[in-house]
Amino acid sequence: MQTTRNDLQALAKEHGTPLVVIDHDEIRRNYAQFKKHLPKVQVYYALKANPAPEIIRTLYREGASFDVASLPEFMLVYDNIRHLPPKEQQDFIWDKIIYANPTKPKETLQALNQYKPLVTYDNLAELKKIKQFAPQAGVVLRLRVPNTGSVVELSSKFGCDPGEAVDLIVEAFDMGLVVEGLSFHVGSQCTNFENFVQALNLSAAIMHEGKVRGHEIKILDIGGGFPAAYDPHVKPLAALARKINPEINRLFAPDIQILAEPGRYIVATAATAVSRIIGKAWREGKTCYYIDDGVYHTFSGIIFDHCQYHLKAFKEGSPEICAVFGQTCDALDTISLAEELPDLEIEDLVYSENIGAYSNASATWFNGFPPAKVIHINQ
Ligand SMILES: Cc1ncc(COP(=O)(O)O)c(C=O)c1O
């Protein structure tokens, strides 16, 4: 986190709390690091992690590509290219957007068809739907690959069995569609890098068999899963790169186009939440703090993303074990039952770092509390 504690306090004073501060210098740094370590890989930022238009704009200016999973997400990217002449818009969509949700309602396909995008599929029913409602789309087959040890598992919901893959490729071509690529996702916050190695090997074998059956595939989409540095134990991207770059060189032809869909890696470390203590009680032998944010709001990743965020105080003092709850009238709204904070008072501020991914993206209005205000700095 680069934003200083003084900056955070000043911003909270100016804008009030609950507040989320998103540092665009950090987004640019993460994007640059990704490109440095995986130089062969085209970066499609996954809007799912944080779809703030300001973030999309920053990454657009940096030259990033985008992974969208709904029509509204597609339109958020499209807003950046509206001003371009039609041919340039079309080239951008074809070269730099993938619609990576394997299941799409027919209305979405109908709306997307005019843009001729790349869309993913993982079963025959979806393929038939694409043929009927978005016949101009290029298709990418999503494989099911091991998600062992990843914090967020995706393989139970998405991806075809590797054994069916070549048949699904042939079926698509037989229908008159063009399979442009293969894709996979090793699970989010993946620290078991073997998942990537296995997925690359599976993909290479499927591409080889596809070629033998007459269909050459030119794109490999290695998905998301690149771990964010939530704590010093998370293995760095450089270690993952050391493992997968040689595999990519060994397994695939030099002209293969590799793309990735990092979400968390790009935005997690770019945001800090600042909250205010609005209540203080003593329960079961420890102090309980109630703050003006919570798991229905910026801390929603505790539920949806299996993420534990730590709170820090601006005030100095010896740390004591305490509980921290959110503001809603619901016991599920528990941020931590064992946090370490100094003795704090109502109106004191606390903050939580590395909260840019799957956080305010899934905040609700539960109990009438609006999501935290979001401030963008260093745009
Ligand atoms: C299809 C797809 N691509 C990319 C991502 C982004 O993954 P991550 O945030 O782990 O990089 C996700 C999120 O789970 C996803 O479902």
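N378 is partly exposed, because 14 other C-beta atoms lie within 10 Å. On this scale a residue is buried if 20 or more other C-beta atoms lie within 10 Å of its own, exposed if 12 or fewer, and partly exposed in between, with C-beta atoms placed from the backbone. N378 is not a glycine, yet has a positive phi of about 55°. Its place is in the segment after β16 (373-377). Helices (H or I, at least four residues) and strands (E, at least two) are DSSP runs, numbered from the N terminus.

The model is predicted: local features need pLDDT of at least 70 and side-chain atom pairs count only at pLDDT 80 or more, while totals for chains, interfaces and linings use all residues. Residue numbers start from 1 along each chain as its sequence is written.

**Backbone exceptions**

Q189 is also not a glycine and has a positive phi, of about 50°. Q189 lies in the loop between β7 and α9 (194-212). Is Q189 buried or exposed? Q189 is buried, because 23 other C-beta atoms lie within 10 Å. E284 takes a positive phi near 45° in the hairpin of β10 and β11, where 2 residues lie between the strands. The peptide bond from T17 to P18 is cis, with omega near 0°. P18 belongs to the loop between α1 (5-15) and β1.

**Strand pairing around β10 and β15**

Two strands count as paired if DSSP finds at least two bridges between them. The table lists pairs, each with one pair of residues that face each other.

| Strands | Sense | Bridges | Residue pair |
|---|---|---|---|
| β1 (residues 19-23) and β10 (residues 271-283) | antiparallel | 4 bridges | I22 and A271 |
| β10 and β15 (residues 349-352) | antiparallel | 4 bridges | S275 and V350 |
| β10 and β11 (residues 286-291) | antiparallel | 6 bridges | G279 and Y290 |
| β12 (residues 312-313) and β15 | antiparallel | 2 bridges | K312 and Y351 |
| β7 (residues 179-183) and β8 (residues 219-221) | parallel | 3 bridges | S183 and D221 |

Strand β10 thus appears with β1, with β15 and with β11. A further bridge partner in β15 is S352, which pairs with A273. Strand β15 is covered on both faces: L349 and Y351 on one side are buried, as are V350 and S352 on the other. In a regular strand the side chains alternate between the two faces of the sheet.

**The barrel and the ligand**

Which strands close into a barrel? The 8 strands are β2-β3-β4-β5-β6-β7-β8-β9, in that order, and their pairing is parallel. From one strand to the next the twist averages 30°. The axes behind this angle are lines fitted to C-alpha atoms, for helices over the stretch in contact, and angles run from 0 to 180 degrees between N-to-C directions.

There are 17 residues around the ligand, and A46, S188, G224, G263 and R264 come nearest. A residue is near a molecule or strand if its C-beta atom, placed from the backbone, lies within 6 Å of it. By class, this shell has 7 nonpolar, 6 polar and 4 charged residues. Ala, Val, Leu, Ile, Met, Phe, Trp, Tyr, Cys and Pro count as nonpolar, Asp, Glu, Lys and Arg as charged, and the others, Gly among them, as polar.

**Domains and their interface**

The protein is divided into domain 1 (5-20 + 268-377) and domain 2 (24-267). These bounds come from an automatic or database domain assignment. The C-alpha centres of domain 1 and domain 2 lie 33 Å apart. How many residues of each domain are in contact with the other? In domain 1 there are 15 residues in contact with 18 residues of domain 2. Contact requires the C-beta atoms of two residues, placed from the backbone, to lie within 7 Å. On the side of domain 1 that touches domain 2, the largest share, 3 residues, comes from β16. By class, that side has 8 nonpolar, 6 polar and 1 charged residues.

**N50**

N50 sits in the loop between β2 (41-46) and α3 (53-62). N50 is buried, because 29 other C-beta atoms lie within 10 Å. Leaving out residues up to four places away in sequence, N50 touches I55, V267, G356, A357, N360 and A361. N50 and N249 are 199 residues apart in sequence and 32 Å apart in space, C-alpha to C-alpha.
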